[in-house]
Amino acid sequence: MGKYFGTDGFRGEANVDLTVEHAYKVGRFLGWYFGQEHKCKVVIGKDTRRSSYMFEYALAAGLTASGADAHLLHVTTTPSVSYVVRTEDFDCGIMISASHNPYYDNGIKLLNGSGEKMSEDVIEKVEEYLDGKTGEIPFAVKDKIGRTTDYVMGRNRYMGYLISLATRSFKGIRVGLDCSNGSAWSMAKSIFDALGAKTYVINNEPDGTNINMNCGSTHIEVLQQFVKDNQLDVGFAYDGDADRCLAVDENGCIVDGDRILYVCGKYMKENGQLDTNTVVTTIMSNIGLYKAFDELGISYEKTSVGDKYVYENMAENGHRLGGEQSGHIIFSKFANTGDGILTSLKLMEVMLEKKQSLGKLTEGVEIYPQVLKNIRVKSKPAARQDEDVIAAIAQAEEKLCGDGRILVRESGTEPVIRVMAEAKTTELCEQVVDEIIEVIKKKGHEA
């Protein structure tokens, strides 16, 4: 990770950590860098945060000042930006979003011309420019100055693409959608309606400050209650930029990313679609998922946390399915990034083709109790490398007696240490996690 850009872009509180000047300079650099030999074209999308409009205009100003043309998708999802970039003639794409973070945060995600996360060497060049290490970039003048274009048609093409992937009509299926007052609010219902579902939607009235607020995939309990109250067949919850999806079955039970990987992995194997017979996970995936894959004869690989690393592994090895427990699921035949709406459509496909409820489809995987707690720290490396913290982790592992695991890692996007435990009981998980966090606090690392 660099000074500004983490595993999922440049993220921080708007106009505190990530300022309008930063956005302008990112636009200035990208417009110049990709436009040295031809007229640069960049597509920009944003989520519903109040600051997203400010950053959109700043990025567009920087791009056009460097001679690039900026095409605005307006409020849209991260995967739609990826789709437009890879299917049309754009040099790169920019998504303005802080994903699941609160409304006052924001972020800038950069995508290359193939719709993938921007390569580290380009990110390094962007950061050098932000720090004033590369000198001034010339302004475009006269007819070389770039233009800004409304490009909502790109978002509409993406919606049409998703609709085209459905294998059956959704007629008669009662579906609940939690749009998190974010990017999916203007798209998800239209897609499900077009496929014939009886669609019930909540949290689809964004006001600039309510994105992710007690809603969406980070507050799945809201959708759980909604599904039960309305006796729905299934529910899907997205995050702020809709690149992740969690589901709720007909009984109101959570179907997280691990269970989604199980359901889709099993189905794809049965239908000859799991080309390498391998599913890519991260180190956060549950032991129960691996035991279920072992039963099915499906291989798996583990990467660092971040859909960026999942996709890199998939692209390098030709794997078709991968994802995170948090709901970033990648179907590499159809997308180059996690796509929440696509994930919900693929789950619908399995349900309809197998004529089974989502609850029935998840019965083959037994997920171990898992507890994850975060602690904000002054320095992530200092806290993680503290000898007493390391000793506390070792003691916790001994308590689990080999039937469970401890994972302590630094967040890639926040000043946070994440402490996770899996064990036979929730009580044991809570105990060992709290013991480790207590040592972090006693050593003075808490911010």
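Modeller: One definition before we start: two strands count as paired if DSSP finds at least two bridges between them. Also, this is a predicted model.

Biologist: Fine. Which strand is the bridge partner side for Val280, and which residue sits there?

Modeller: The partner of Val280 is Gly322, in E15. Val280 itself belongs to E13, on one side with Thr278 and Thr282.

Biologist: How do E13 and E15 pair, parallel or antiparallel?

Modeller: Parallel, over two bridges. E15 covers residues 321-323.

Biologist: And how many bridges join E13 to E14?

Modeller: Five, again in the parallel sense. E14 is residues 299-303. Look at Thr281: the residue opposite is Lys302 in E14.

Biologist: What unit do E13, H9 and E14 make?

Modeller: A right-handed β-α-β unit. H9, residues 287-296, is the helix in that unit.

Biologist: Is E13 enclosed or open?

Modeller: Largely enclosed by the rest of the structure, because five of its five residues are buried. Both faces are covered. Thr278, Val280 and Thr282 are on one side, and Val279 and Thr281 are on the other.

Biologist: Let's move. What is the strand order in the open sheet of five?

Modeller: E9-E8-E10-E11-E12, with mixed pairing. E9 (198-202) and E12 (254-255) stand at the edges.

Biologist: Why is one side of each edge strand left without a neighbour?

Modeller: Each has a single partner strand, so one side has no neighbour in the sheet.

Biologist: Inside that sheet, how do E8 and E10 pair?

Modeller: In the parallel sense, over four bridges. E8 is residues 174-178 and E10 is residues 234-238. Leu177 has Phe236 as its bridge partner in E10.

Biologist: Which strands does helix H7 lie across?

Modeller: E8, E9, E10, E11 (245-248) and E12. H7 is residues 220-229, and runs at about 160° to E10.

Biologist: And H11? Which strands does that one lie across?

Modeller: E8, E10 and E11. H11, residues 340-354, runs at about 165° to E10.

Biologist: Pick a residue in H11 for me.

Modeller: Try Thr343, which lies in that helix. Thr343 is buried, with a relative accessible area of 0%.

Biologist: What is Thr343 in contact with, leaving aside close sequence neighbours?

Modeller: Leaving aside those within four places in sequence, Cys245, Ile260, Ile329 and Phe331. Phe236 is worth a look too: the C-alpha atoms of Thr343 and Phe236 are 9.3 Å apart, though 107 residues separate them along the chain.

Biologist: New topic, the largest nonpolar core. Which members touch the most others?

Modeller: Leu162, Val175, Phe192, Phe236, Tyr238, Leu321 and Met348, out of 64 residues. H11 gives the most to this core, with eight residues. Apart from it lies another core, of 33 residues, among them Ala23, Ala58, Ile94 and Val126.

Biologist: Back to Leu321. What is it in contact with, further along the sequence than four places?

Modeller: The list includes Leu261, Cys264, Gly265 and Met268. Thr278, Val279 and Val280 are on it as well.

Biologist: You mentioned Ile94. Which strand holds it, and which way does it point?

Modeller: Strand E5. Ile94 points one way along with Cys92 and Ile96, while Gly93 and Met95 point the other way. Five of the five residues of E5 (92-96) are buried, so E5 is largely enclosed by the rest of the structure.

Biologist: How does E5 pair with E3, and how with E6?

Modeller: E3 (residues 41-46) pairs with E5 in the parallel sense, over five bridges. Val42 has Cys92 as its bridge partner. E6 (residues 105-111) pairs with E5 in the antiparallel sense, over four bridges. There, Gly93 stands opposite Leu111.

Biologist: Cysteines, then. How many disulfides are in the whole structure?

Modeller: Zero.

Biologist: Why does Cys253 not form a bond?

Modeller: The closest cysteine sulfur, in Cys245, is 16 Å from the sulfur of Cys253, too far for a bond.

Biologist: And why not Cys264?

Modeller: Its closest cysteine sulfur is in Cys245 as well, at 9.6 Å, and that is too far for a bond.

Biologist: How does each count, buried or partly exposed?

Modeller: Cys253 is partly exposed, at 41% relative accessibility. Cys264 is buried, at 3%.

Terms used:
Residues numbered from 1 in each chain as written. Predicted model: local features only at pLDDT ≥ 70, side-chain atom pairs only at ≥ 80, totals over all residues. Heavy atoms only, no water. Contact = heavy atoms within 4.5 Å. Axes fitted to C-alpha atoms, helices over the stretch in contact; angles between N-to-C directions. Disulfide = S-S within 2.5 Å. Buried < 20%, exposed > 50% of the residue type's maximum accessible area, 1.4 Å probe, protein only. Right-handed = clockwise from strand over helix to strand, strands pointing away. Core = buried A, V, L, I, M, F, W, Y, C linked by side-chain atoms within 4.5 Å.
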